[in-house]
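Work through the exercises below with the sequence and the coordinates at hand. Each task is followed by a solution in steps.

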Amino acid sequence: MSGTFKTISFDDGTYAVVSIDADDQKKMEVVATFFDVERARDYASKESGKPSRSPVRAEARAEPRRSAAHQADVSPESAAASDLSERQASVLKALRNRMNEKHEVEMRAASLAGAAKIPLGSLHSVLQSLEKKNFIKTARTGSAKAPAIYEVLEN
């Protein structure tokens, strides 16, 4: 789908960049989601081929993605922990805070996304990457009737 890119907001406080079809203005496709409206606008401008209106955001993008607060959340003895993105570290911290004595967490996706303060649409890929990096293991996938069970692995 080609057309113009616009920023829209959702009730949950997240923002999306959508591509609106030039032939049918009622047809749109979500291409990215963000927590920050400025990042969403910058992305829409970049995709539309327009120069970014926010030089401050361009400087912020040049800085490392992980903040000192997020790095402190992950144990320093784990060499693999330095490979975590902010979202991965946030989800891992939320899981560790809620795990039982068997290192298991039973939780619905929306609750986990809220606890980790990430968009629900990003949660699946973050969980997959944590599983690939051997930080977690999905013991049971969630459904409409039952929450998922995640096992937090020792690293």
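**Exercise 1: The three-stranded sheet**

Task: give the strand order of the open sheet of 3 strands, and state which strands stand at the edges.

Solution. The order is E4-E6-E5, and the pairing is antiparallel. Strand E4 (104-107) and strand E5 (136-140) each have a single partner strand, so they stand at the edges, and one side of each lacks a neighbour in the sheet. On average, and ignoring direction, neighbouring strands here are turned by 30° against each other. The model is a predicted one.

Next, take the pairing of E5 with strand E6 (residues 148-152): the two run antiparallel and are joined by 4 bridges. One bridge to locate is that of Thr 138, whose partner in E6 is Tyr 150. Finally, add the helix: H6 (residues 120-132) packs on the sheet and touches E5 and E6. The direction of H6 makes about 115° with that of E5.

**Exercise 2: Helix H4 and its contact with H6**

Task: check the length of helix H4 (residues 86-98) against the expected span, then describe how H4 and H6 cross.

Solution. Step one is the length. H4 has 13 residues, and at 1.5 Å a residue it should span 18 Å; the end C-alpha atoms are 19 Å apart, which agrees.

Step two is burial. The buried residues of H4 are Gln 88, Ala 89, Ser 90, Val 91, Leu 92, Ala 94 and Leu 95. In an α-helix there are 3.6 residues a turn, so residues three or four places apart point the same way.

Step three is the crossing. The axes of H4 and H6 come within 10 Å and cross at roughly 80°. The cut-off for roughly perpendicular is 65 to 115 degrees, so H4 is roughly perpendicular to H6. On the H4 side, the contact is made by Arg 87, Gln 88, Val 91, Leu 92 and Leu 95. On the H6 side, the residues are Ser 122, Leu 123, Val 126, Leu 127, Ser 129 and Leu 130. Sorted by class, the contact has 7 nonpolar, 3 polar and 1 charged residues.

**Exercise 3: Val 105**

Task: is Val 105 buried or exposed, and which residues does Val 105 contact beyond four places in sequence?

Solution. Val 105 lies in strand E4. Its relative accessible area is 1%, and the cut-off for buried is under 20%, so Val 105 is buried. Leaving aside neighbours within four places, Val 105 is in contact with Leu 95, Arg 98, Met 99, Ala 148, Ile 149, Tyr 150 and Val 152. Of these contacts, Leu 95 is also one of the buried residues of H4, and Tyr 150 is the bridge partner of Thr 138. Val 105 and Glu 151 are 46 residues apart in sequence, with their C-alpha atoms 6.4 Å apart.

**Exercise 4: The N-terminal strands**

Task: describe the pairing of E2 with E3 and the surroundings of Thr 14.

Solution. E2 and strand E3 (residues 28-34) pair in the antiparallel sense over 6 bridges. They form a hairpin with 6 residues between them, and Ala 16 stands opposite Thr 33 in E3.

Thr 14 is in the loop between strand E1 (3-9) and strand E2 (15-21). With 6% relative accessibility, Thr 14 counts as buried. Not counting residues up to four places away in sequence, Thr 14 touches Ile 8, Ser 9, Phe 34, Phe 35 and Pro 119.

Terms used. Residues are numbered from 1 along each chain as its sequence is written. This is a predicted model: local features need pLDDT of at least 70, side-chain atom pairs count only at pLDDT 80 or more; totals for chains, interfaces and linings use all residues. Side-chain values use heavy atoms; hydrogens and water are left out. Two strands pair if DSSP finds at least two bridges between them. Axes are lines fitted to C-alpha atoms, for helices over the stretch in contact, and angles run from 0 to 180 degrees between N-to-C directions. Contact means heavy atoms within 4.5 Å. The expected span of a helix is 1.5 Å times one less than its number of residues. Buried means under 20% relative accessible area, exposed over 50%, partly exposed in between (1.4 Å probe, protein chains only). Angles under 35 degrees count as roughly parallel, over 145 as roughly antiparallel, 65 to 115 as roughly perpendicular and the rest as oblique. Ala, Val, Leu, Ile, Met, Phe, Trp, Tyr, Cys and Pro count as nonpolar, Asp, Glu, Lys and Arg as charged, and the others, Gly among them, as polar.
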